[in-house]
Structure formats: structure tokens, C-alpha cells
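This report goes through selected features of the structure shown below, taking single residues, a helix and the contact between chains in turn.

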Amino acid sequence: MQVDAIQQIVIVGGGTAGWMTAAAIANHLPVGACEITLVESDAIGTVGVGESTIPHIRRFNEILGIDEAEFMTATHATYKLGICFDHWGREGDSYIHPFGEIGHMAHGIEFHHYWLKAQQWGIKQPLEQYALNAVAARAGRFPEVITSSGHQFSGYAYAYHIDATAYAKYLRTYAEQKGVQRIEGKVIEIQQAATGDIESLMLESGLVISGDLFIDCTGFRAELIEKNLNVEYLDWSHWLATDSAVVVPTERSGTIYPFTRASARKAGWQWCIPLQHRAGNGHVYASDQISDDEAIGTLLNTLTGKPLAEPRVLRFKAGRRKTSWYKNCVAVGLSSGFLEPLESTSIYLIQFGIFKLLELFPDKKFRQPDIDAYNTSLANVYDTIRNFIILHYYLNQKSHLPFWQNCQKMPIPDKLKTLVALFVESGRVDIGQFGVWPAVCIGQHLLPEHYDARLDAMSPDMIKQFVTRCGEDIQAETAKSPCVNDYIERLLAGGKV
Amino acid sequence: MSANKPIKNIVIVGGGATGWSAAVGLARGLHGSGVSITVIDADTAFESAITIASEHVLDFHKLTGIRDQQLFQSGIAQPWIARRFYGEKGECYLGNDIDMPRHGALDLHQMLNVNGGDLSSCSLAASAAKQGIFAIPQGDSPASFRTGYIVNTGKYRDFFRGAAIHLAVRAVAASITAVEYQPDTGFIAALVCADGTRLESDLVIDHSNSQDILWRDCSPPVSMSSHLPAQLMFEERSAGRGGRADPAVSFTRQTNGWQQQVHAFGQGWLAEYRLDGSGQQLATGALATPFYKNTLAIGMRAGFTAAPSISPLNLAQRAVAKLLDYFPGTLCVPANTAALNAELLKDQREAQDYLVLQWQLADNLQTGVANLLPPLSDELQQKMALFASSGRVSSSLNPLVTGQMWINTLWYALGESRGVDPLAYMAPKADIGAFIARHQAHIHQQLARLQVR
């Protein structure tokens with residue numbers, strides 16, 4: 001039986017995908033069970049712009065036993081409570097999509113129903129005023145109560161803004177300490193068996209690396225899964241029209257606001273991500289709508305700090321691999337699919353792919369039912385997030401701009417149609433959806449026709465008091481919370497706050 | 001556009017344990033909202049005299065504030081902790097296990113795959129049941145399994161009727177003689193009973209024994225294709241007084257169907273599901289749209305499920321909980337209805353798949369039986385293929401049947417053709433052996449303590 005066990009795992013490509021994979025696998029497998037090799041070339045750059053994360057990264061770090069203070073020091077991280085979307089529904093709009101809950105559920109009914117009902121009595125505060133994360137974020141505070149359990153606000157999640165290149169470097173140290181072998185070199189040839197399985201790689205130096213299981217972390221180039229195994233890439237450009245990004249780092253000083261800012265632009269959007277030592281900025285756009293020069297101009301004209309380097313242009317294709325796992329090759333990271341970072345999901349998708357692989361870890365037989373289960377899972381998570389991102393583009397009222405008018409009118413995926421119809425009709429969201437739907441829908445002016453009818457049988461005073469109370473509690477908690485800069489300083493100085 | 005108003009009147013058509021459970025569930029869930037609930041306690045859909053309720057009943061009792069001790073003390077319910085499948089080829093015990101301990105990332109059953117050993121020896125519930133011991137999880141310490149309840153259906157009904165009346169639910173004993181419909185929507189507007197009572201109904205819960213009562217020219221919802229024989233005959237009878245109470249529910253294949261045995265309330269009970277012969281005829285389909293216009297069908301009305309899977313009573317109780325999540329207004333707007341139906345059908349399909357797998361397991365333990373089961377559903381085939389490949393089960397959101405219960409059932413249903421997690425071969429064998437031994441010793445200790453009591 002042991003004859004069939006995987007003995008050699010080869011990860012092709014470094015960067016966040018490669019080193020997260022190496023670190024997680026090395027941590028998961030029994031010591032000495034497998035040889036894990038990562039091949040990367042210093043000559044080939046990594047994308048290096050994935051800098052905003054979602055709370056699931058904390059689980060990744062936790063499983064790997066990575067200390068938060070150490071992690072935040074190494075990655076120059078700041079906290080993230082959510083994403084601020086400017087000019088998405090209409091010009092001049094600004095709403096925060098927070099992590100965690102909005103208000104509280106009562107009598108089995110979600111808070112936004114109460115909020116909708118309360119509008120009738122002149123309670124006109126935006127929905128985000130009832131999310132601790134959103135209120136604290138705008139005030140530049142970190143509500144540390146969300147890090148503990150048992151408090152009425154606990155379970156509110158948070159994530160980080162990180163220097164992804166530094167994260168990869170940190171994980172490299174971690175992985176090498178756990179026995180992962182790093183080989184420097186460029187892959188020039190891939191040898192396949194008659195079955196189509198990958199047998200070995202040849203590097204420029206002539207070195208041949210053989211393996212049982214290959215993980216393709218070669219990014220957009222997808223050297224193994226596409227160039228060799230010819231696995232189809234599903235093109236989503238008809239739903240997500242942006243195909244380029246121009247990025248530039250800037251100086252950052254003063255108050256750290258714990259949110260990612262995503263501002264809609266003429267034919268795309270622009271992000272600003274605060275780190276400890278700098279800010280990351282990027283303008284995502286559709287190159288058939290505006291030229292690279294115009295895109296660069298827009299970016300440079302709207303920076304809130306001094307540029308620290310020349311702007312760089314990147315191209316991408318929205319979509320995903322039809323099957324991320326094919327034969328003895330698993331694509332993780334950009335080789336398995338790409339969605340623009342509108343909801344900061346790139347690192348999450350890497351993490352998801354890695355953990356799913358560990359859950360379904362194969363032997364040399366590479367049985368199809370396990371591979372199918374993996375592919376179904378990955379397809380589902382990619383498609384779910386894709387739909388959520390399309391939603392942001394779809395719910396706009398900027399008919400004066402051709403790009404945005406197209407987004408209003410484009411046919412959307414059936415599943416998304418159903419979800420939108422459900423929310424529009426009765427303010428309900430199916431379980432298993434990604435993100436806080438009421439925040440995005442209401443933030444972009446999609447208001448339900450009907451709130452939960454049971455509210456009309458409740459005492460108006462009770463509802464008013466409940467809603468007002470929620471808002472007041474949040475204001476009070478925010479006022480008590482430390483300023484983000486101070487909190488980070490304390491954490492890094494003492495390890496614990 | 002007419003306004004969506006709060007539901008003010010709910011009429012539950014058909015009583016029984018199911019109808020009265022629904023009444024209590026709704027009365028509790030809608031407490032303080034001024035909704036009036038009436039049960040028409042006549043023309044009730046079929047319920048067996050003894051119901052084998054799965055552990056899901058605990059969730060419903062928690063939701064409705066029912067204290068289980070009361071049910072035991074009044075001889076209404078008796079706990080069961082494992083299923084026993086038996087036949088000429090042998091027997092096996094499947095505990096109602098919640099979770100089994102892991103060694104790192106390795107599941108216990110995977111360790112057994114490598115180390116050898118029987119799954120039931122690692123389950124306190126299964127081990128206890130094998131020895132006829134009623135191991136009941138005590139309140140405080142974390143339990144490794146959950147009890148189901150063998151329920152005297154009539155007494156359970158009476159108990160819930162009492163609870164419902166206490167919550168101001170009204171009862172009408174007369175049958176329906178006429179149905180009034182809203183002219184524009186075709187929704188049911190009111191139900192008229194033989195005693196002259198006229199009940200306005202914004203929402204109707206259907207646990208009746210005939211759909212002709214409630215639908216007139218609206219075409220009735222289409223049946224979902226079933227993975228069972230189109231019809232089954234059901235018969236139950238007492239097997240005589242005396243004998244010991246049994247903490248397991250037993251199940252076996254017979255020539256023309258399947259038989260279930262329990263020992264509860266001082267006597268044995270047999271229930272049989274047959275392709276033909278005498279007894280109550282049960283259609284095995286399910287409604288494709290259990291929530292239709294302003295009527296929600298529950299229990300056997302909504303679809304067939306049977307022992308040893310999740311009972312219709314359990315599915316009905318879950319349906320009430322889901323209804324509260326998607327509670328409509330008077331308009332019963334369509335997207336909300338569709339979403340609720342999707343949730344309800346998920347449960348129905350899973351209950352049927354679970355049933356088919358268990359009947360398959362029973363078949364495997366007999367010799368020379370004809371295959372009475374039609375082709376498996378895609379989902380069930382995938383589950384079996386994955387388990388045969390690597391002994392794994394996919395996780396899903398808010399499942400009806402938990403991962404561990406699927407593992408337990410697949411373990412025995414597939415037997416030697418189950419697969420093994422490759423990771424199990426990578427861990428040091430000595431470590432695995434030691435872990436299993438420790439766990440089994442722990443179970444011995446717990447059993448010994450229980451026997452002393």
C-alpha cells in the first residue's frame with residue numbers, strides 16, 4: 001500500500017501562491033513523509049500587488065501556528081475592517097462593506113429589515129452606521145472588543161492589509177525551516193508520461209526534478225496546467241470587462257484608516273491600501289475603453305501621497321481554469337483563475353485551493369472521485385465570488401458613462417439573477433453567499449420592495465428603540481476604542497495588547 | 001400593487017403529532033406577533049403509531065422550549081442511540097455519533113482503515129447499544145453522540161396539543177366542507193368546516209390526507225421523481241409484551257421489503273415496508289413545490305421518508321423552522337417562496353438518499369435477495385464513489401445528515417470496498433495504534449461506569 005504514497009511534491013513558482021502552498025503542506029504532512037521542493041526563478045517577477053485580505057487569512061495563520069505580532073511585523077501589516085466603496089452606485093456615493101454583522105438579529109429577523117422599516121419614521125442613518133466595523137473604520141479606530149469572544153460585538157471579524165511579497169518571504173523561511181527545499185532556476189522543459197501525467201521538469205541549468213505531485217504556482221503563465229496539460233480557461237470577460245491594472249506605491253503618513261478604499265472610475269476602479277510603511281495603489285480598467293496613458297494619468301492625479309516608484313502596467317484575464325486539478329497537477333493561485341481584487345479574494349482563493357487539496361490529498365493513483373470533488377468545490381467558490389463581484393458592477397446608476405451603462409444592461413449569470421431577485425423582492429439572502437449582501441445591495445441603492453411583514457405587526461416604539469439603541473451602542477463602543485496607529489504600535493512592541 | 005401585510009391567521013389542516021408540532025413551533029416562533037393559529041384536527045395525513053424520530057427532534061424541542069424529561073416520565077418518548085442492521089450475513093451497529101476524535105488531521109475511521117478494527121468499537125453509542133445499555137449523554141459533559149426518540153405518536157400528539165392550546169392555539173374537530181379562494185391570486189382565503197366554523201387563512205399548513213380538499217382547479221404540484229419504488233405497503237404491529245427495552249432501532253431486509261423492530265414502552269413493535277400485500281398504501285414521491293401559493297405541505301403530505309432515515313415528523317419540524325427563516329407576508333411573494341422550496345427540497349432529497357443507502361446496507365446483509373432499489377441519485381452516487389475512492393465525505397452547509405453519520409453508514413454499506421485516505425499511510429503506525437487503543441479504552445471505562453448504575 002505504501003508503494004502508492006506520494007513521495008515527492010514539486011511546487012513550481014514562488015510568490016504568495018507558491019510559498020503559502022509550501023508552508024501549508026509542510027505543516028500538514030507528517031515530518032519526513034514527503035520531499036517538498038519549490039522551484040522558483042528570481043528572474044521571473046511575481047505579480048506583487050495582492051495586498052488586501054479577508055478574515056480567513058487569520059485561520060490560515062492560526063493553523064500554521066503563526067503569531068499575529070510576528071506576522072504583522074514581517075508584512076508591515078495594518079488592520080482591515082472592511083472595504084469603502086466610493087462612486088459605485090452613483091457619483092458621490094460612499095459606503096463601507098464591513099466584515100461581521102450589521103446590527104443584531106431579533107425575533108429571527110435580520111437587522112436590515114428593521115432598518116428599512118425605521119426609514120418610515122424618519123430614521124435616515126445609512127445602514128453602515130449600524131455596523132461597528134464601518135463606524136470604527138471611518139473614525140480610524142480598531143474596536144479591540146472584536147478580538148475576544150462573548151461580548152455582544154464579538155465575532156465581528158477583521159483582516160489585514162499586507163505586503164504580499166514580504167508575506168511570501170516570511171513563509172519561505174517558515175517552509176524551509178520545515179524542510180522544504182528551494183531550487184533556484186527557470187523551467188525550460190516538462191516531461192510527461194504516456195498517460196499525460198507530469199514526470200519531471202528540466203531547468204535551464206540542466207537539472208532535472210522529478211515528482212509525483214506537481215503544483216502549478218506559475219501565475220498567469222500557467223506553465224503546467226495550460227501550456228502542457230492544455231486545460232481550458234473559462235473566459236469571463238463578458239461579465240467582467242476590466243483587463244488591465246496600473247499600480248504604484250506611495251508614501252503614507254498620519255492616521256491609518258483600517259479599510260481598503262475602492263473608488264469607481266470612468267471604466268474601472270482604483271484601490272488604495274494602507275500599510276505601515278507605505279500605501280499600495282492601483283487603477284483597474286478596461287483597456288478597450290481607456291488607453292494605458294489615460295489610466296496612468298488618472299491614477300497619478302488622484303494619489304493621496306507621493307509616488308515611490310514608476311507606475312507598472314499589468315494585464316489579466318478574468319476567468320477560471322475549467323478544472324484546477326488535472327491528472328497529477330493542481331493549479332493554485334493565478335494559474336487556477338483570476339478575479340480582480342475588488343473584494344480582496346486572491347489570497348483567500350489560494351488558501352481555499354490549498355486546504356481543499358489537503359482535505360483530498362491523493363496518492364499516486366490520483367483517483368477521479370477525489371479530483372472531481374476538488375474541482376467541484378473550486379468551481380463553486382470561484383463562481384460564487386465572481387457573482388458577487390459582478391453584482392458591484394451591475395448595481396450602478398451611472399448611465400452617462402458608456403462602460404457603466406453596459407454594466408447595467410449586460411446579461412448576468414442565472415444564479416446571480418435569482419439572488420438579486422430574491423433580495424429585491426423580500427430582502428433575503430440565501431445561505432452560503434459570500435460577503436454581506438445587504439451592505440452592498442443597499443449601499444448601491446438596491447432596496448427590497450418588501451421588508452419582513454412581521455415587522456408591521458410589531459410595536460413601532462419597540463422597533464425605533466431597537467434600531468436607535470443599536471446605533472448608540474456602536475457609537476459608544478467606537479468612542480472607547482483605541483486609535484489604529486496606537487493599537488498597532490502596542491501590538492508590535494509588546495506582542496500582546 | 002397590493003401591499004404585503006403581516007400574516008394574521010394560520011390554519012393547520014390535519015392534526016396528529018406533525019400538525020400539533022407545527023402548531024407549537026409556529027406559536028413559539030411567532031410569539032407576540034398577534035398571529036392566530038388554528039388546527040383542524042380531522043382528515044389527518046397518515047402517521048405510524050410508533051415514530052422513530054431522529055436526533056433532529058432535540059433541535060425542535062430546544063427551539064420550542066420542550067423539556068425532554070417530561071416526555072420520558074410520561075411514557076411518551078424513549079431514547080434510542082444506535083441503528084442495528086442485521087441479516088444472514090451478520091450485523092452491525094451504527095451509533096448516532098456527532099464527531100469522532102481526530103489525530104491531527106486524520107479521521108478516526110481512516111485510522112481504523114490502516115490499523116484494522118471495527119468502527120462501532122470506537123463509538124460509545126454503538127458499543128453501548130450492542131450491550132443493551134442505555135447510555136444517555138448527561139447535561140454538562142460534551143457528548144459524542146445524540147439520542148433520537150422512539151415516540152408513541154398518539155401521546156406525543158396529545159402532549160403537543162396540550163402545549164399548543166396553552167399557547168392559545170385553537171382546535172376545530174370537524175372536517176373541511178368548503179374552501180374559499182381569493183379571486184385574483186387563487187390563494188386560499190378561508191376554510192369552512194362541517195360544524196359551520198369559517199376560518200380565515202392567510203397561510204395554510206397542509207398535513208391533510210388528501211390534496212383534493214385544498215386545491216380545486218389549480219393544478220397540484222408535480223411530484224419529484226423518487227428513487228424508491230412508486231408505492232410501498234406499510235404495516236405495523238405489536239410483537240408482544242415483556243422483554244427488555246432496546247437502545248437500538250433494528251432493521252433488516254425481507255423477501256419483499258424491509259422490516260424495522262424496536263422495543264419500547266414495555267413491548268416489541270414491528271413495522272414493515274413491502275412492495276405489496278396488506279397494510280397502508282404509501283406513495284413514495286415528494287412534492288416539487290411543497291410551498292404552493294399560500295399553502296405549505298409538511299410531513300407525509302410533502303413527501304415520503306421512512307425508517308431508518310429521518311422521519312416525516314422530523315422533516316416537518318425542520319420545515320417549520322425553515323418557514324420561520326423565510327416567513328412570508330400575505331402576498332407570499334414568489335422569489336421568497338422559491339427560496340424556501342429549494343431549502344425544503346434539499347432536506348427531502350438528502351433524507352431519501354440516506355434512506356436508499358441504508359436500505360442498501362440492509363440488503364447487503366442478506367443473501368439471495370432481489371434488488372428492489374431503482375438507480376441511485378447523482379448525489380448519492382458521488383458520495384459512494386468518493387468514499388470508495390478515499391474514505392472521504394464532502395462537507396456541506398447546514399446538512400440534514402451530518403458528515404459523521406454519512407461516514408458511519410458508508411463505512412458499513414461499502415464494507416471492504418471503502419477507500420483509504422493516503423494520509424493515513426503516512427502517519428506512523430504506532431501512533432495510530434496507540435491513539436485507537438486509548439480511545440477504545442476510554443469507551444470501555446465509560447461503559448463500565450454505565451453498567452454499574
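## Cysteines

Cys92(B) is buried, with a relative accessible area of 7%. The model is a predicted one. Over all chains, the structure holds zero disulfides. Cys92(B) takes part in none, and the nearest cysteine sulfur, that of Cys122(B), lies 15 Å away. A disulfide would need the two sulfur atoms within 2.5 Å.

In chain A, Cys272(A) is likewise in no disulfide. The cysteine sulfur nearest to Cys272(A) belongs to Cys84(A), at 11 Å. Cys272(A) is partly exposed, with a relative accessible area of 24%. This value puts Cys272(A) outside the buried class, because buried means under 20% relative accessible area.

## Tyr114 of chain A

Tyr114(A) is a residue of helix α4 of chain A, which covers residues 111–118. With 0% relative accessibility, Tyr114(A) counts as buried.

Which residues does Tyr114(A) touch, not counting those up to four places away in sequence? They are Ala106(A), His107(A), Ile109(A), Leu455(A), Met458(A), Ile463(A), Phe466(A) and Val467(A). A separation in sequence also shows in the backbone: Tyr114(A) and Lys464(A) are 350 residues apart along the chain, while their C-alpha atoms are separated by 8.5 Å.

## Helix α4 of chain B

Helix α4 of chain B runs over residues 108–115 and is mostly covered, with seven of its eight residues buried. The buried residues of α4(B) are Leu108(B), His109(B), Gln110(B), Met111(B), Leu112(B), Asn113(B) and Val114(B). Just after the helix α4(B) comes Gly116(B), which takes a positive phi of about 90 degrees.

An α-helix has 3.6 residues a turn, so residues three or four places apart point the same way. In α4(B), the buried set includes Leu108(B), Met111(B) and Leu112(B), and also His109(B), Gln110(B) and Asn113(B).

## Ser311 of chain B

Ser311(B) sits in the loop between β21 (295–297) and α7 (312–325) of chain B. Is Ser311(B) buried or exposed? Ser311(B) has a relative accessible area of 5% and is buried, because the cut-off for that class is under 20%.

The side chain of Ser311(B) makes a polar contact with the side chain of Asn314(B), at 2.7 Å. Leaving aside neighbours within four places in sequence, Ser311(B) is in contact with Thr51(B), Ile52(B), Ala53(B) and Thr305(B).

## Contact between chains A and B

The contact takes in 33 residues of chain A and 34 residues of chain B. The area buried between the two chains is about 2800 Å², and carbon and sulfur atoms give 61% of that area.

How many salt bridges are found across the interface of chain A and chain B? The rule finds one. Asp370(A) forms a salt bridge with Arg392(B), with the closest N and O atoms 2.7 Å apart. Across the interface there are also 14 residue pairs in polar contact, both residues being at pLDDT 80 or more. On the side of chain A that touches chain B, the elements giving two or more residues are α9 (346–359), α10 (368–394) and α12 (414–426) of chain A. Of these, α12(A) gives the most, with four residues. By class, this side of chain A has 16 nonpolar, five polar and twelve charged residues.

Conventions. Residues numbered from 1 in each chain as written. Chains lettered and ligands numbered in written order. Predicted model: local features only at pLDDT ≥ 70, side-chain atom pairs only at ≥ 80, totals over all residues. Heavy atoms only, no water. Contact = heavy atoms within 4.5 Å. Buried area = accessible area lost by both parts, 1.4 Å probe. Salt bridge = Lys/Arg side-chain N within 4 Å of Asp/Glu carboxyl O. Polar contact = N/O pair within 3.5 Å; in protein donor to acceptor, adjacent residues only side chain to side chain. Nonpolar A, V, L, I, M, F, W, Y, C, P; charged D, E, K, R; others polar. Buried < 20%, exposed > 50% of the residue type's maximum accessible area, 1.4 Å probe, protein only.
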